[in-house]
Amino acid sequence: MITFLQLLSLFFIASKVDEEDKDKDSKYDLSLYKRGDLLEVPRTLFTHFGIYLGNNRVAHFIPDILPVFTKNKAAIGKMVTNNRLILGVIAKSASVRVDSLADFAYGSEILVNHMDKLCSQPPLEGDEVARRAEKLMGSMTYSLLWYNCEHYVMYCRYGMAISYQTYQFCLTVRKIICSRMNAYITALCGMGIMLYLGSLTLLNTVPTLLVPFTIWMAS
């Protein structure tokens with residue numbers, strides 16, 4: 001009979017067949033990367049970031065649900081699949097770990113130092129960037145908004161723990177929430193619910209309209 005842990009192992013670890021793993025390293029030319037480079041690859045809905053340490057090693061802050069269920073270092077050390085990553089985000093379980101370039105990239109094309117064009121702060125020396133990345137190795141609490149993989153690499157390379165992805169996400173959410181249409185919908189829904197419940201009075205009408213009014217003023 002298959003145990004619960006065996007099912008977890010099948011679900012979280014066995015994402016690619018062995019034949020694909022045998023030649024995955026040959027896809028990437030290691031001569032293109034130098035110590036301290038900031039690497040970007042697409043993962044799930046967001047971009048994933050890492051710092052190249054040299055000798056086919058990448059330090060990156062990545063969510064992973066597997067350590068919540070097991071202490072098996074061999075299993076945890078395998079490439080983090082998207083299933084493990086997404087559930088790790090939800091559980092806020094993550095760590096700064098070192099993987100091969102191929103395991104970090106997860107089959108995607110790699111952008112190198114693209115952030116140098118966006119960040120006003122000049123990058124630190126390569127060895128200092130890598131030293132910072134190595135110093136932060138280990139488990140840390142993950143936050144999609146307040147401390148993710150981009151915050152980690154931005155601190156290592158530029159000395160500022162910021163995230164452009166988070167900023168753009170918050171800006172989009174703000175535009176949706178603080179829109180005039182949302183103010184209309186919120187007001188109508190609130191009044192409709194009170195009418196349906198038969199509790200429409202001056203005492204509860206004012207607080208109900210206060211929320212859409214605030215949204216209206218912020219739009």
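1. Helix H7, residues 126-135, has Val129, Ala130, Arg132 and Ala133 among its buried positions in this predicted model. Viewed along the axis of H7, the buried residues fall within an arc of 160°, so they line one face of the helix. The face turned away from that buried side carries Asp127 and Lys135, both exposed.

2. The cover over the buried residues of H7 includes three strands, S2 (46-54), S3 (57-63) and S4 (93-99). Helix H8 (149-158) is also part of this cover.

3. The largest pocket has a volume of about 300 Å³. Its lining comprises 19 residues, of which Thr44, Phe46, Val89, Tyr142 and Leu144 are the closest to the centre. Two or more lining residues come from each of S2, S3, helix H5 (82-91) and helix H9 (164-177). By residue class, the lining of the largest pocket divides into 12 nonpolar, 6 polar and 1 charged. Strands S2 and S3 thus appear both in the cover of H7 and in the lining of the largest pocket.

4. Two residues other than glycine deserve a check of their backbone. Lys92, in the loop between H5 and S4, has a positive phi, near 60°. Lys92 is partly exposed, its relative accessible area being 45%.

5. The second is Asn113, whose phi is likewise positive, near 55°. Asn113 belongs to the loop between strand S5 (111-112) and H7. Its relative accessibility is 12%, and because buried means under 20%, Asn113 counts as buried.

Note on methods: Residues are numbered from 1 along each chain as its sequence is written. This is a predicted model: local features need pLDDT of at least 70, side-chain atom pairs count only at pLDDT 80 or more; totals for chains, interfaces and linings use all residues. Side-chain values use heavy atoms; hydrogens and water are left out. Buried means under 20% relative accessible area, exposed over 50%, partly exposed in between (1.4 Å probe, protein chains only). Helices (H or I, at least four residues) and strands (E, at least two) are DSSP runs, numbered from the N terminus. The arc is that of the directions from the helix axis to the C-beta atoms. Contact means heavy atoms within 4.5 Å. On a 1 Å grid over the protein atoms alone, a cavity is a set of points where a 1.4 Å probe fits but cannot get out, and a pocket is an open set with protein on both sides within 12 Å along at least five of seven lines; lining residues have an atom within 4 Å of a point. Grid points are joined across faces, edges and corners, and a volume is the space filled by probe spheres set on the points. Ala, Val, Leu, Ile, Met, Phe, Trp, Tyr, Cys and Pro count as nonpolar, Asp, Glu, Lys and Arg as charged, and the others, Gly among them, as polar.
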